[in-house]
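Me: I would like to learn how to read a model like this one, feature by feature. Could we go through it together, starting from a single residue and working outwards?

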Amino acid sequence: MRGREPPVHCDNCGRMVPRNKAVTEEKRINLGTEANEGNIRFFTSRKVYYCISCAKHRGIFEKKKQQAQRAAARGLYSKY
Ligand SMILES: [Zn+2]
């Protein structure tokens, strides 16, 4: 199904990109500090969107390539 994708803002430069063209990355945010509540740590993950140029700049494409290679090694993409 291909519909019209709502545009999203690039997290780095604020540019509007269609969602299917934006590069997504799962970002982990540490909410706790070492000062509060001893060893309790809070993590939350947020999806961030980057435009193509920012993704290139941050090397996210390389990461995706590595992930794809790892997945291929596991045999998930057997159609290739
Ligand atoms: Zn950008």
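Me: Leaving out residues up to four places away in sequence, which residues does A22 touch?

Reply: A contact list shows which parts of the sequence meet in space. This is a predicted model, and in it A22 touches V8, V17, Y49, Y50 and C51, once residues up to four places away in sequence are set aside.

Me: Which residues make up the largest nonpolar core?

Reply: To find a core, one looks for buried nonpolar residues that are joined to one another. Here the largest such core has seven residues, namely V8, V17, A22, Y49, Y50, C51 and A55.

Me: Is V17 buried or exposed, and in which strand does it lie?

Reply: Burial is read by counting neighbours, and the cut-off for a buried residue is 20 or more other C-beta atoms within 10 Å. V17 has 21 such atoms within 10 Å and is therefore buried, and its place in the fold is strand 2, residues 16–18. Apart from neighbours within four places in sequence, V17 is in contact with P7, V8, C10, A22, Y49 and C51. The C-alpha atoms of V17 and Y50 are separated by 8.2 Å, although their positions lie 33 residues apart along the chain.

Me: What is the order of helices and strands along the sequence?

Reply: Reading the elements in order gives the outline of the fold. The protein chain follows the pattern β-β-β-β-α-α, which comprises four strands and two helices.

Me: How do strand 3 and strand 4 pair, in the parallel or the antiparallel sense?

Reply: Pairing is read from the bridges between two strands. Strand 3 and strand 4 pair in the antiparallel sense over eight bridges, and one of the residue pairs to look at is R28 with its bridge partner S45 in strand 4. S45 lies in strand 4, residues 43–50, and it touches E26, K27 and R28 when residues up to four places away in sequence are not counted. The C-alpha atoms of S45 and E26 are 6.4 Å apart in space, with their positions 19 residues apart in sequence.

Me: Is S45 buried or exposed, and how many of the eight residues of strand 3 are buried?

Reply: The same neighbour count serves at the other end of the scale, where 12 or fewer atoms mark a residue as exposed. S45 is exposed, since it has 9 other C-beta atoms within 10 Å. In strand 3, residues 23–30, the number buried is zero, so this strand lies largely in the open.

Me: How far does helix 2 reach from its first C-alpha to its last, and how many of its residues are buried?

Reply: A helix can be checked by setting its span against the expected one. Helix 2, residues 60–73, reaches 20 Å over its 14 residues, close to the 20 Å expected at 1.5 Å a residue. None of those 14 residues is buried, so helix 2 lies largely in the open. Just after helix 2, G75 takes a positive phi of about 85°.

Me: Which element has the lowest mean pLDDT, and which the highest?

Reply: Confidence should be read alongside the geometry. Among the elements of the protein chain, helix 2 has the lowest mean pLDDT, at 80, and strand 1, residues 7–9, the highest, at 93. For the whole protein chain the mean pLDDT is 79, with 78% of residues reaching 70 or more.

Technical notes. Residues numbered from 1 in each chain as written. Predicted model: local features only at pLDDT ≥ 70, side-chain atom pairs only at ≥ 80, totals over all residues. Core = buried A, V, L, I, M, F, W, Y, C linked by C-beta atoms within 7 Å. Contact = placed C-beta atoms within 7 Å. Expected span 1.5 Å × (residues − 1). pLDDT = per-residue confidence, 0-100. Pairing = 2+ DSSP bridges.
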